[in-house]
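Reader: I would like to go through this protein with you, starting with its open and enclosed spaces. Could you show it to me?

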Amino acid sequence: MYKNTTFVALVIASFATPTLAQDISAASVSAAYTSFTDDNFDDSYTNLKAGVELDLSSTFAIGGNLATYGGDVDDGLLNATAHGMYMMSPNTAFGGFVAQESGGDYDATLYGIEFGTGSESTRAEAYFGVVDSDDLTGDFSVSGLSFEFAVAPSITLGIGYEAFTIADGFTPPASTDTEDLTYSDTSLIARYLFDGGASVFAEIGQVGFSASTDDTTYVSANNLEYFAIGAEYTFGRPTGTLLGERTFAGWSQ
């Protein structure tokens with residue numbers, strides 16, 4: 001497991017290299033515990049995440065994220081993501097990412113485009129990418145979006161969506177045609193912010209799948225539901241890093 005240590009080492013080195021660290025614009029560290037609530041699937045896992053973004057100029061920046069997932073489910077997972085960003089403003093970025101992910105029985109590389117923005121009262125991200133892996137059968141893509149907004153001086157609410165899609169991964173009943181199959185995680189989050197960049201949050205969500213033809217939509221009969229609790233610390237801008245890790249299966253651990 002975790003075969004691609006060279007990639008991870010390069011990301012860590014980019015965090016610490018003095019020549020690159022001209023201006024650390026933001027950083028974030030978080031930890032969370034997630035538990036599935038289904039009677040037939042009561043596993044749980046923890047995750048640890050860290051990210052940093054460095055300004056190269058007034059219009060360009062780079063960033064990196066490390067994330068680990070472990071617990072009852074499978075054998076754990078390690079993700080390292082690097083970002084190249086065009087800064088549309090000090091708090092809004094458009095760019096591209098490359099991520100390396102290692103799980104118990106697969107290694108995958110992800111490439112894609114992304115957008116992130118944040119302010120004192122909001123934060124938002126969106127991304128789309130493709131997956132390259134010799135260990136996975138089929139053509140995969142990943143996508144996600146999230147949005148949080150303030151409802152009180154120290155409280156935010158938000159919604160999140162992450163998914164991976166298998167091209168031609170589903171054959172509808174009584175049909176020989178294949179359709180795309182999407183596994184997704186939809187969640188609601190509530191966050192309480194303390195002075196100084198710390199926050200705690202609670203999240204509820206569900207994992208399921210869907211596929212559709214021209215006239216029919218198929219969805220999973222029983223979605224996996226979960227709850228999560230965690231804490232985050234940010235510095236730099238109020239939201240910390242604008243862009244997070246880009247994972248193939250971390251959200252569905």
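Reader: Thanks! What is the volume of the largest pocket?

Author: Happy to help, and please keep in mind that this is a predicted model. Rolling a probe the size of a water molecule over the atoms shows where empty space is left. For the largest pocket, the volume comes to about 390 Å³.

Reader: Which strand gives the most residues to the lining of the largest pocket?

Author: The lining has 26 residues, with S119, E120, T156, L193 and P238 lying nearest the centre of the pocket. Two or more lining residues come from each of strand 7, strand 8, strand 9, strand 10 (179-193), strand 11 and strand 13. The top contributor, with four residues, is strand 8.

Reader: And what about enclosed space: what is the volume of the largest cavity?

Author: Searching the whole structure turns up one cavity of 30 Å³ or more. Its lining is made of 47 residues, and K49, E125, S146, E162 and E245 lie nearest the centre. Strand 1 (residues 24-36) gives the most to that lining, with six residues. The volume of the largest cavity is about 1000 Å³.

Reader: K49 and E245 both carry charge-bearing side chains, so I am curious about them. How many residues apart in sequence are the parts that this pair ties together?

Author: Side chains of opposite charge can pair when their charged atoms come close. Here E245 and K49 meet in a salt bridge, at 2.9 Å from N to O. Because E245 sits in the segment after strand 13 (224-236) and K49 in strand 2 (residues 44-55), the pair ties together parts whose separation in sequence is 196 residues.

Reader: Is K49 buried or partly exposed?

Author: The cut-off helps here: buried means under 20% relative accessible area. Its partner E245, at 12%, therefore counts as buried. K49 has 25% relative accessibility, so K49 is partly exposed.

Reader: Which residue meets E114 in a salt bridge?

Author: E114 lies in strand 6, and its partner is in the segment after strand 13, so the pair ties together parts that are 132 residues apart in sequence. E114 counts as buried because its relative accessibility is 2%, and the partner is buried too, with a relative accessible area of 3%. The two side chains meet at 2.8 Å, N to O, and the partner of E114 is R246.

Reader: Which residues are linked with R123 in a network of salt bridges?

Author: Let's start from one pair: E232 forms a salt bridge with R123, the closest N and O atoms being 3.5 Å apart. That pair links strand 13, which holds E232, with strand 7, which holds R123, across 109 residues. Both E232 and R123 are buried. In the network, R123 is linked with E148, R191 and E232.

Reader: How many salt bridges does a search of the whole structure find?

Author: The pairs we have discussed include E245 with K49 and E114 with R246. For the whole structure, the search gives a total of seven.

Reader: Now the nonpolar side. Which strand gives the largest share of the largest nonpolar core?

Author: In soluble globular proteins, nonpolar side chains tend to be buried together. This core has 23 residues, and Y106, L110, V131, F140, V142, F164 and F248 touch the most other members. Strands giving two or more residues to the core include strand 3 (60-71), strand 5 (92-102) and strand 9 (155-170). The largest share, three residues, comes from strand 9.

Reader: Which residues does V131 touch, leaving out those up to four places away in sequence?

Author: V131 is among the core residues that touch the most other members. Its contacts beyond four places in sequence are A108, T109, L110, L136, F140, V142 and F248.

Reader: One last check on the backbone. What is the phi of A174?

Author: Most residues other than glycine have a negative phi, and most peptide bonds are trans. A174 is placed in the loop between strand 9 and strand 10, and its 94% relative accessibility means that A174 counts as exposed. Although A174 is not a glycine, its phi is positive, at about 60°.

Definitions and conventions. Residues are numbered from 1 along each chain as its sequence is written. This is a predicted model: local features need pLDDT of at least 70, side-chain atom pairs count only at pLDDT 80 or more; totals for chains, interfaces and linings use all residues. Side-chain values use heavy atoms; hydrogens and water are left out. A nonpolar core is a set of buried Ala, Val, Leu, Ile, Met, Phe, Trp, Tyr and Cys residues joined through side-chain atoms within 4.5 Å. Buried means under 20% relative accessible area, exposed over 50%, partly exposed in between (1.4 Å probe, protein chains only). Contact means heavy atoms within 4.5 Å. A salt bridge is a side-chain nitrogen of Lys or Arg within 4 Å of a carboxyl oxygen of Asp or Glu. On a 1 Å grid over the protein atoms alone, a cavity is a set of points where a 1.4 Å probe fits but cannot get out, and a pocket is an open set with protein on both sides within 12 Å along at least five of seven lines; lining residues have an atom within 4 Å of a point. Grid points are joined across faces, edges and corners, and a volume is the space filled by probe spheres set on the points.
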